[in-house]
Amino acid sequence: MNYKMLIDENSLNNKSLINNIKKVEVIENSKTFNIEKKTYSKYQELKKINNDIYIKEVVDLGLSLVLNKDLDESILVNYGFIKENNKIRYVGVRTSKIIIEKKLTLKKYNALYNKSGMLLINKESGLTSFDICDKVGKIFDTKKVGHTGTLDPLADGLLCVLVNDYTSLSSLIIVSDKEYIVTVRKGISTDTYDITGKVLKEEKPKIIDNLEEVLNNFKKKYMQEVPIYSAVKVNGKKLYDYARNNQKVTLPKKEITIKDIKLLEEDNETFKFSVLVSKGTYIRSLINDISKEIDYPLTMEKLTRVKEDKFNLKDSTSIDDLTIENAKLLKLEDIFNYEVIDIDSNYLYKLVNGIKIKDNSLKDKKLIRYNNKVIGIIENKEGYINKLFLKI
């Protein structure tokens, strides 16, 4: 249940939510009320600290209550309520704190916080991709946050983060190419293939003969072995669990493509290169493969993702600099390269209500625009329109 929604029975967005509101019948002070289930539950908690209050009226489809006695906001916030027009409305504790601290109405809160889109975040080393999503969730006051491709804690750089309704787009966003800047430590190999792991072999650092040529030889398509310290599952168990339990396992291989690779600099201790790869490529494994090729220990010291398809690190924002006010959310037309077609209100009505639309002329996926705003993605499926995404 979305307790932060605005009540508008004519809104196409709200209709399904309104229809699914679960209410309980309550008799209080000799009157019978139909109250939204959680709103009533939280009101009962409130009544335990102030038994003098009782419900005079239930409004907004049971989501708002009118009490006989005014209560201070400092009390209401602890139970997730806000005050609006002599009513109290349950919205959740975190949301009520935001609304009270920023002196917002629920309408202003929705305009500021109820946004969907994709953020380009510059992840710093040491944080997990989940850490970033958690921080974005707190900034946007939502649990609906995801990303299009994990970055290891050691890595930094571009992380594409999906917020609110756009989290359902993850299966449609097909990332084909990623570009990285990689720093490699010479003379050391580890069990994780990066500098955080246990050292397995150590030799004296040196300048590597024909390093540029060695790297160029990896510009190809080949079957890459997945590193054991990864979340890939074998027989229902993650590979890193096998590693931590010292269990033997046959590592799976998958076809990857190194589309471009360039040596940027080299000194006696390290070398740095840029690499453009297909989705699913493990840069740690690539370094391990290079190490095997030259029979000399190497391990990944630093990894920066600079591009993911058309999205670039230079356009990203640090999580420390991100606020709800300055967030640059990419929209459908920024993310997808599909053709845009205009639809009318009748077409939109059919899409919203699941009414079949026959159209054999539509080819490939299309973005749909209504009232000068791109609102969704559709495709032809066996002669009928299939709604892939819709955000009104």
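Visitor: The expected span of a helix is 1.5 Å times one less than its number of residues. What kind of model is this?
Guide: Residues are numbered from 1 along each chain as its sequence is written; side-chain values use heavy atoms, with hydrogens and water left out. Local features need pLDDT of at least 70, side-chain atom pairs count only at pLDDT 80 or more, and totals for chains, interfaces and linings use all residues: this model is predicted.

Visitor: How far apart are the end C-alpha atoms of helix α6?
Guide: Helices (H or I, at least four residues) and strands (E, at least two) are DSSP runs, numbered from the N terminus. Helix α6 holds 12 residues, 129-140. At 1.5 Å a residue, they should span 16 Å. The model agrees, with an end-to-end C-alpha distance of 17 Å.

Visitor: Within what arc do the buried residues of α6 fall?
Guide: Buried means under 20% relative accessible area, exposed over 50%, partly exposed in between (1.4 Å probe, protein chains only). In α6 the buried residues are S129, I132, C133, V136, G137, I139 and F140. They line one face of the helix, because seen down its axis they fall within an arc (directions from the axis to the C-beta atoms) of 160°.

Visitor: Which elements do the buried residues of α6 pack against?
Guide: Contact means heavy atoms within 4.5 Å. Two helices and three strands are involved: α4 (93-101), α5 (106-113), β7 (117-123), β8 (145-147) and β9 (156-163).

Visitor: Which residue takes a positive phi just after α6?
Guide: The angle is about 55°. The residue is D141.

Visitor: Which residues have the most contacts inside the largest nonpolar core?
Guide: A nonpolar core is a set of buried Ala, Val, Leu, Ile, Met, Phe, Trp, Tyr and Cys residues joined through side-chain atoms within 4.5 Å. The largest has 27 residues. Elements that each supply at least two of them include β10 (177-186), β17 and α9 (283-294). The most contacts belong to V182, F273, V275, I283 and L286.

Visitor: How many residues does the second core have?
Guide: It is separate from the largest one. Among its members are I98, L104, C133 and V136. The count is 26.

Visitor: Is L215 buried or exposed?
Guide: L215 lies in helix α7. Leaving out residues up to four places away in sequence, L215 touches I261, L263, F271, F273 and I290. Its relative accessibility is 1%, so L215 counts as buried.

Visitor: How many residues of β17 are buried?
Guide: One residue of this strand (270-278) is S274. S274 has a relative accessible area of 11%, so S274 is buried. β17 is mostly covered, and of its 9 residues the buried number is 7.

Visitor: Which residue of β17 is the bridge partner of Y180?
Guide: Two strands pair if DSSP finds at least two bridges between them. β10 and β17 pair antiparallel over 9 bridges. β16 and β17 also pair antiparallel, over 7 bridges, and form a hairpin with 3 residues between them. I261 stands opposite V275 in β17, and the partner of Y180 is V275.

Visitor: Which strands stand at the edges of the open sheet?
Guide: The sheet has 4 strands in the order β3-β4-β6-β5, paired antiparallel. Each edge strand has a single partner, so one side of each is left without a neighbour in the sheet. The edges are β3 (55-59) and β5 (81-84).

Visitor: Which residue of β6 is the bridge partner of S64?
Guide: β4 (64-67) and β6 (87-90) run antiparallel and are joined by 2 bridges. In β6, the partner of S64 is R89.
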